[in-house]
Amino acid sequence: MKFRHTIPDPDPPGSLHDLLLLTDLTGNGLPDVIIGGKRGDSALFWYENTGPDQPWPRHDLGAAEYLEPSGALLDVNGNGRLDLIAGQGSGYHELYWFEQPTNPRQPWTRHLIEDRFDKYHDQIVGDVDGDGEQELVIFSQNSGVLGYYDLPADPAAGPWHDEFHLIADDVHDHEGLALADLDSSGRLAIIAGPHIYRRCCCTPGDWHREPVAPGMKMTRVAVADLNSDAWPDIILCEGESNPATLLWFQAPRWRPHLLADNLFHPHSLQIADFSGNGLPDILVGEMGLGENPNPRLIIYRNLGDCEFEPVVISEGIATHEAKVVDLTGNGRPDIISKDYAEQGRVDIWWNEPA
């Protein structure tokens, strides 16, 4: 594995950049980059991907303060364009959707989804109730709420209070969301922090909670078949801890495998085949927070037979909520990230031929 590091923007607007999402907004076949921060008048913006080693034009997206990191993309109003969903952080109560205009370079209109809960760290989209429609799943940490929304007939008329379905109300301080069919049942389970939530077949509206790693705190969550046995495994890392652990849990009985127990706030967890051997590798990235002088970006290379080799591909560059995507169309997964700091920046690691 060989990566080339560049800095497409050394001084993005705002600070404490949290949200990072990827989608092709311009229709040129290349993923553009959406970033949102907690502070600043222009702290929600996106970069236009014009091609390898080309400039990254930056466009303001909308206005909002104190946004949390996860976010989601969903065609909320059914017009064929993906809209942005993002929520506020601790001490704030609003969850929004930003309507994408015909020309995404123009300002996006902000609409209210929710105003009753406190801190919306995570959102994800999928058909979690089996009705054939997409739902919006949210995690409100300070309110201890996990639940989902059906899309209302008029989403711009919000808030969506009448469309909310509660799954759990005792999940304070958990983080991380993923959706997966874990048992080939055709039903999506919700992996929320260190627990699995499955929809009960016999009682509509009821959910069964299964602990996977109840002792882990503030986790980032991913799902992938790591050992090629056709069962999706669960990967968890403690994104807000020092020292933090990284483990994967082997399906179907969730046998734990420890990969690291000395990480510093690894708030980046992504899965991709970086080495090209056909097996999913695990990427984690450490934050800086003014305390860690040597934050690392690490790929745990999947060697097969449940064996992983840690490969440090970067040292000294803090990352937060890094994402993996093929930015060039060459078939190799690249890495894009930003620092969570008062004076942030945007970094890219290009996956080069070895």
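Is C306 buried, partly exposed or exposed? In this predicted model, C306 is partly exposed, because its relative accessible area is 27%, a value that lies between the limits of under 20% for buried residues and over 50% for exposed ones. C237, by contrast, counts as buried, with a relative accessibility of 0%. The two cysteines may also be considered as possible bonding partners. A disulfide requires a pair of cysteine sulfur atoms within 2.5 Å, and by this rule the count comes to zero disulfides. C237 takes part in no disulfide, since the nearest cysteine sulfur, which belongs to C306, is 19 Å away. From the side of C306 the result is likewise negative, because the closest cysteine sulfur, in C237, lies at 19 Å, which is too far for a bond.

The overall form of the protein chain was examined next. The secondary structure consists of 28 strands, and there are zero helices. The chain has 354 residues, for which a compact globule would have a radius of gyration near 20 Å; the value for the protein chain is 19 Å and therefore agrees with that expectation. Taken along the principal axes, the box filled by the C-alpha atoms is roughly 50 × 50 × 35 Å. Of the 354 residues, 57% count as buried, and among contacts with a separation of 6 or more, 45% are accounted for by residues 24 or more positions apart in the protein chain.

The surface and the charges of the protein chain were also described. About 14000 Å² is exposed, and 45% of this area is supplied by carbon and sulfur atoms. The chain carries 24 positive and 57 negative charges, and the mean positions of these two groups are 4 Å apart.

Attention then turned to the backbone. Most residues other than glycine have a negative phi, and most peptide bonds are trans. Against this background, the peptide bond from N242 to P243 is cis, with omega near -5°, and P243 is found in the loop between β19 (233–238) and β20 (244–250). A second cis peptide bond joins A251 to P252, with omega near 5°; here P252 is found in the loop between β20 and β21 (255–263).

The loop between β20 and β21 also holds W254, which has a positive phi of about 60° although it is not a glycine. W254 counts as buried because its relative accessible area is 7%, and this value falls under the 20% limit. Another residue with a positive phi is L16, at about 50°, and L16 is not a glycine either. L16 is placed in strand β2, which covers residues 15–23, whereas W254 is placed in a loop. L16 counts as buried because its relative accessibility is 9%.

A further loop position is that of T102, which lies between β8 (95–99) and β9 (109–114). T102 counts as exposed because its relative accessibility is 68%, a value over the 50% limit. In sequence, T102 and N49 are 53 residues apart, while in space their C-alpha atoms are separated by 18 Å. The loop residues T102 and W254 thus have opposite surroundings, since T102 is exposed and W254 is buried.

Methods
Residues are numbered from 1 along each chain as its sequence is written. This is a predicted model: local features need pLDDT of at least 70, side-chain atom pairs count only at pLDDT 80 or more; totals for chains, interfaces and linings use all residues. Side-chain values use heavy atoms; hydrogens and water are left out. Buried means under 20% relative accessible area, exposed over 50%, partly exposed in between (1.4 Å probe, protein chains only). Helices (H or I, at least four residues) and strands (E, at least two) are DSSP runs, numbered from the N terminus. The radius of gyration is taken over C-alpha atoms; the globule rule is 2.2 Å times the number of residues to the power 0.38. Contact means heavy atoms within 4.5 Å. Accessible areas come from the Shrake-Rupley method with a 1.4 Å probe; for residues, only the protein chains shown count as cover. Lys and Arg count as positive and Asp and Glu as negative; His and the chain ends are not counted. The place of a charge is taken as NZ of Lys, CZ of Arg, CG of Asp or CD of Glu.
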